[in-house]
2 protein chains.
Amino acid sequence: MQTKNIIEEKNLKLTSARKELLELFGFEKKPISFEDIKHKINMDKATFYRNVSKFESESILNSFESNDKKRYYEIQDFPHAHFICNNCNNIECLENMEPIKLEGYKIFDMIFKGICKSCNK
Amino acid sequence: MQTKNIIEEKNLKLTSARKELLELFGFEKKPISFEDIKHKINMDKATFYRNVSKFESESILNSFESNDKKRYYEIQDFPHAHFICNNCNNIECLENMEPIKLEGYKIFDMIFKGICKSCNK
DNA sequence: AACTTATATGCAACTTAGTCGCAATGGCAA
DNA sequence: TTGCCATTGCGACTAAGTTGCATATAAGTT
């Protein structure tokens, strides 16, 4: 979907900060934190955080807390688990995992921690 | 194991702060943060954090970051997953889960997020 | 194109978990 | 009992994220 349609659908204003963010999140293939992109973007950190919060409440983005006290955001498309490497700290999307069920619980998110494929070689 | 043996085994000094912490962690059945126990313990927060870090590097404790930007610690016994409830924020140990394997990865920790049994009723 | 108004932005001050340097304390071995 | 080195408390600091407020701007209306 186009950036413009995403925004209009939610009755938000299409500002340059929002264009910038949505293009960036659309381009990245993995979750990103403010730290990761602060040098690439042209807005105050308050604007970043206010927008990603709004996007999250409008179901445009997902987020989760990593090992490093930072929150990571990604476009909300199909649900998938994440792998956080204790060695290289990389965050990977696990797109081909069959969903896990737990009787009585609703699972929205799954995070695995350990040693990733590349570090495990 | 006795507190004293745990400490001596790792060549650490058995201070009153360490006794207090190990008894508390041994007593609690779920992961706890500094916030959770600061009113119960008799030590500076720097002492708390320095000790839990040391215990972690000596494989006495495990820890992980929750939703709330706080780190939670627990006695390292048998490996198990955790469930964090997005609604009541409670952290539960899932002791009866069969371990999940991912080809090429080493998994040390698993965190599920969603709605827990009690909130899902 | 100018007018209007609610929404969004930048800035600076604030909050809060956790860390660090340093001087004082206290376990423990000799 | 002594002495040394790990450990402690304290206060200052760090860094992610939040908030209040004055200003700017998107977008609908005239």
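Which residue has a polar side-chain atom 2.9 Å from a base oxygen of DNA strand D? I will come to the answer once the model has been introduced.

This is a predicted model, in which local features need pLDDT of at least 70, side-chain atom pairs count only at pLDDT 80 or more, and totals for chains, interfaces and linings use all residues. Residues are numbered from 1 along each chain as its sequence is written, chains are lettered from A and ligands numbered from 1 in the order in which they are written, and side-chain values use heavy atoms, with hydrogens and water left out.

Now the two protein chains. A turn of 179° with a shift of 0.0 Å along the axis lays chain A on chain B, at an RMSD of 0.1 Å. The two copies are therefore related as by a two-fold rotation axis. The superposition is by least squares on the C-alpha atoms of residues with pLDDT of at least 70 in both copies. Within chain A, the residue that comes closest to the axis is Ile111(A), whose C-alpha is at 2.5 Å. The same surface serves both copies, since 100% of the contact residues of chain A recur in chain B; contact means heavy atoms within 4.5 Å.

Next, the core. The largest nonpolar core has 22 residues, and those touching the most other members are Leu94(A), Met97(A), Phe112(A), Leu94(B), Met97(B) and Phe112(B). Strands S3 (81-85) and S5 (106-115) of chain A, together with S3 (81-85) and S5 (106-115) of chain B, are the elements giving two or more residues to this core. By nonpolar core I mean a set of buried Ala, Val, Leu, Ile, Met, Phe, Trp, Tyr and Cys residues joined through side-chain atoms within 4.5 Å. Buried is under 20% relative accessible area, exposed is over 50%, and partly exposed is in between, with a 1.4 Å probe and protein chains only. Helices (H or I, at least four residues) and strands (E, at least two) are DSSP runs, numbered from the N terminus. Take Leu94(B): leaving aside neighbours within four places in sequence, Leu94(B) is in contact with Leu102(A) and Tyr105(A), and in chain B with residues including Phe83(B) and Phe112(B).

On to the DNA, and the opening question. The residue is Arg50(B), with a polar side-chain atom 2.9 Å from a base oxygen of DNA strand D. That is a polar contact, meaning a pair of N or O atoms within 3.5 Å; within protein, one must be able to donate a hydrogen and the other to accept it, and residues adjacent in sequence count only if both atoms are side-chain atoms. Two other residues reach phosphate oxygens of strand D through polar side-chain atoms: Thr15(B) at 2.5 Å and Thr47(B) at 2.4 Å. The elements giving two or more residues to the surface near strand D are helix H4 (45-57) of chain A, and helices H2 (16-27) and H4 (45-57) of chain B. Of these, H4(B) gives the most, with five residues.

There are 24 residues around strand D, and Tyr49(A), Arg71(A), Thr15(B), Arg18(B) and Thr47(B) come nearest. Sugar and phosphate make up 65% of the strand D atoms that come within 4 Å of the protein. Near, here, means that one of a residue's heavy atoms lies within 4 Å.

Strand C also has 24 residues around it, the closest being Thr15(A), Arg18(A), Thr47(A), Tyr49(B) and Arg71(B). Of its atoms within 4 Å of the protein, 62% belong to sugar or phosphate and the rest to bases. Polar side-chain atoms of Thr15(A) and Arg18(A) each lie 2.6 Å from a phosphate oxygen of strand C. Leu14(B) uses a backbone N or O atom, 2.9 Å from a phosphate oxygen of that strand. H4(A) supplies the largest share of the surface near strand C, five residues. By class, that surface has seven nonpolar, four polar and 13 charged residues. Ala, Val, Leu, Ile, Met, Phe, Trp, Tyr, Cys and Pro count as nonpolar, Asp, Glu, Lys and Arg as charged, and the others, Gly among them, as polar.

Last, a few single residues. Lys69(A) has a positive phi of about 65° although it is not a glycine. Lys69(A) sits in the loop between strands S1 (61-65) and S2 (71-75) of chain A, and at 45% relative accessibility counts as partly exposed. Ser33(A), in the loop between H2 and helix H3 (34-37) of chain A, counts as buried because its relative accessibility is 1%.
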